[in-house]
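Biologist: Could you take me slowly through the aromatic rings and the pockets of this protein, reasoning each step aloud?

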Amino acid sequence: MVVTQASLLDSDAEPRPRPLGELVERTHLDGGAWVDLRRDWMGRSDVLFERLHRLVPWRAERRRMYDRMVDVPRLVRFYEPHEELPDAALVEARQALSDHYRDALGESLCTAGLCLYRDGRDSVAWHGDTIGRGSREDTLVAILSLGEPRRFLLRPRGGGVSHHYELGRGDLLVMGGSCQRTWEHAVPKTRRPAGPRISVQFRPLGVR
């Protein structure tokens, strides 16, 4: 039997984002939308996942669907610009994204929305982040995925062929240009065994 052990350097390292630069893969979509993908962006993402899973004050939400109130199938916590983020790695990640995309965005990312998908029964339906300026302006939403991978789908607004991404364990996906107005995204339910996943969405002011 072979026993492997992580190095002391690795075990002591703090979670922090890795460089972006040329490792970002861009896909141009129809209608002026684009998506960037950076695999394994967050170093020690397992440590960050465990911290957030344990320390974030997660809450359940309910919303009206047709004529009744239903449970939102995930737990959430939204951090406004004036609120302290729950881990220094998220502060560093938000600053790194703001610096990298400043020319395209023209402003900084300043909010963070966290979602906890507890298992395959948790999900989010097709939607665009169009509350606020995203409904009429090009903008940018960056998603850091932690924990077990889940399928993330993108399709043209109103239907069409979907793009599929398996995101988790520190992967970064950034939706830019007209993506929130002209495309929709979703995390569907799955019957396959699925461990918990945390999604961290960084957005500029006035986009939700």
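Modeller: What follows is a short set of questions and answers on a predicted model.

Biologist: How are the rings of W34 and Y101 arranged, stacked, tilted or edge-to-face?

Modeller: A pair of aromatic rings is described by the distance of the centres and the angle of the planes. For W34 and Y101 the centres lie 6.0 Å apart and the planes meet at 15°. Planes under 30 degrees apart fall into one class, and so the rings of W34 and Y101 are stacked.

Biologist: How many residues apart are W34 and Y101 along the chain?

Modeller: W34 belongs to strand β3, residues 33–38, whereas Y101 sits in the loop between α3 (88–100) and α4 (102–105). The pair therefore links distant parts of the chain, and the separation is 67 residues.

Biologist: Is W34 buried or exposed?

Modeller: The charged end of R26 sits over the ring of W34, 3.7 Å from its centre. Burial is judged separately, with a cut-off of under 20% relative accessible area. The relative accessibility of W34 is 11%, so W34 counts as buried.

Biologist: Which strand gives the most to the lining of the largest pocket?

Modeller: The largest pocket holds about 890 Å³ of space, and 37 residues line it, with R63, R74, C115, V124 and H127 nearest its centre. Several strands each supply at least two residues of this lining, among them β5 (59–65) and β7 (111–117). With eight residues, the strand that gives the most is β6.

Terms used
Residues are numbered from 1 along each chain as its sequence is written. This is a predicted model: local features need pLDDT of at least 70, side-chain atom pairs count only at pLDDT 80 or more; totals for chains, interfaces and linings use all residues. Side-chain values use heavy atoms; hydrogens and water are left out. Rings of Phe, Tyr and Trp (its six-membered ring) pair if their centres lie within 6.5 Å; planes under 30 degrees apart count as stacked, over 60 as edge-to-face and the rest as tilted. Helices (H or I, at least four residues) and strands (E, at least two) are DSSP runs, numbered from the N terminus. Buried means under 20% relative accessible area, exposed over 50%, partly exposed in between (1.4 Å probe, protein chains only). A charge sits over a ring if NZ of Lys or CZ of Arg is within 6 Å of the ring centre and within 35 degrees of the ring normal. On a 1 Å grid over the protein atoms alone, a cavity is a set of points where a 1.4 Å probe fits but cannot get out, and a pocket is an open set with protein on both sides within 12 Å along at least five of seven lines; lining residues have an atom within 4 Å of a point. Grid points are joined across faces, edges and corners, and a volume is the space filled by probe spheres set on the points.
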